[in-house]
Amino acid sequence: MAVPSGPRGNARSIGAAAALVASALLLLAGGCARVGTLAAGESAPDRPPAADTVRVLAYNIHHGEGMDSVIDLRRVAELILKHDPDLVALQEIDSVVARTNGVDQAAELGRLTGMTAVFGRFMPYQGGAYGMALLSRWPIRSTVNHRLPDGAEPRSALEAVVVSPTTGQEIRFVGVHFYRTEEERLAQATTVVDLYRDVRAPVILAGDFNSRPGTAVMELVGRYW
């Protein structure tokens, strides 16, 4: 859980030098083996594809600024690579913003990590845009930036449809950064649930929920993820 720290916030999140990161393993079944005996003349079914293991990282980078107040995307990238993720959800990303020297941070982190980068815009800010990003080692088939209910700042859910290079399994990887009051976060979480409630393919939701376990936001998310 990270404290609110967007362009209008005053609180500082944990920075790149001493980052709090979360990684997870998710096994996705590539197929279902049949159970039972074979009928006369029936051949054995093909062996199901091996299960995928996907390593997921969620990281609020505070526009690359560490606890030492130094903006350094290279050390952010080094920390990402240390955890060897397949998919990364990044929060608090600047795109050609004055405070971060006009750097396209999503593109730069993609270059530094060797991963494909996707930027999701929240709003215009200091001559550029502020939002979040996804990084992927897996091929990306499509992306969409779903608008969520506004609060103190605009918010969205950034989705990338990625494909396992091993099994061809399609996954929707969704990054979020809920903000700011409990009422705003609950409205945003409800919209995300409604977006993916009936999706048949696996959906991975990752990001900064700005919420503690046991709150209404996390209880709602936990009923579906």
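Let me start at threonine 143, which sits in strand β6, residues 140-148. This is a predicted model, so please take what follows as computed from that prediction. Threonine 143 is partly exposed, because its relative accessible area is 45%, and that value falls between the 20% and 50% limits. Which residues does threonine 143 contact, once its neighbours within four places in sequence are left aside? They are Val118, Glu159 and Ala160. I also looked at threonine 143 and phenylalanine 173, which are 30 residues apart along the chain. Their C-alpha atoms are separated by 9.5 Å.

Next, the loop after that strand. Glutamate 153 lies between β6 and β7. Is glutamate 153 buried or exposed? It is buried, because its relative accessible area is 0%, and the cut-off for buried is under 20%. The side chain of glutamate 153 has a polar contact, at 3.1 Å, with the side chain of arginine 155.

Now the strands that follow. β7 and β8 run antiparallel and are joined by six bridges. One pairing to look for is valine 161 with arginine 172, its bridge partner in β8. The hairpin of these two strands has six residues between them, and there glycine 168 takes a positive phi near 80°. On to β9: six bridges join β8 to β9 as well, but here the strands run parallel. Valine 176 has glycine 207 as its bridge partner in β9. As for cover, six of the eight residues of β8 are buried, so β8 is mostly covered.

That brings me to the cores. The largest nonpolar core has 21 residues, and the members that touch the most others are Phe173 and Ile204. At least two residues of this core come from each of β2 (52-60), β3 (87-95), β4 (116-125), β5 (128-136), β7 (155-163), β8 (170-177) and β9 (203-208). Of these, β4 gives the largest share, four residues. A second core of 17 residues lies apart from it, and its members include Tyr59, Leu73, Val88 and Leu90.

Then the last helix on my list, α4, residues 216-224. Which of its residues are buried? Val217, Leu220 and Val221 are. Those three are on the same side of α4, because they cover an arc of only 95° around the axis. In general, an α-helix has 3.6 residues a turn, so residues three or four places apart point the same way. The buried residues of α4 pack against α3 (182-196) and against β9.

Stepping back to the whole chain: there are four helices and nine strands. In sequence order the pattern reads β-β-α-β-α-β-β-β-β-β-α-β-α. The chain has 225 residues, and 46% of them are buried. Among contacts with a separation of 6 or more, 67% are between residues 24 or more positions apart.

Last, confidence. The average pLDDT over the chain is 84, and 78% of the residues score at least 70. Two stretches are where I would ask you to read the model with care. Over residues 1-5, pLDDT stays under 50, and the model has 22 contacts beyond four places in sequence for them. Over residues 8-45, pLDDT also stays under 50, and there the model has 82 such contacts.

How values were computed. Residues are numbered from 1 along each chain as its sequence is written. Side-chain values use heavy atoms; hydrogens and water are left out. Buried means under 20% relative accessible area, exposed over 50%, partly exposed in between (1.4 Å probe, protein chains only). Contact means heavy atoms within 4.5 Å. A nonpolar core is a set of buried Ala, Val, Leu, Ile, Met, Phe, Trp, Tyr and Cys residues joined through side-chain atoms within 4.5 Å. The arc is that of the directions from the helix axis to the C-beta atoms. pLDDT is the predictor's confidence in each residue, from 0 to 100. A polar contact is a pair of N or O atoms within 3.5 Å; within protein, one must be able to donate a hydrogen and the other to accept it, and residues adjacent in sequence count only if both atoms are side-chain atoms. Two strands pair if DSSP finds at least two bridges between them.
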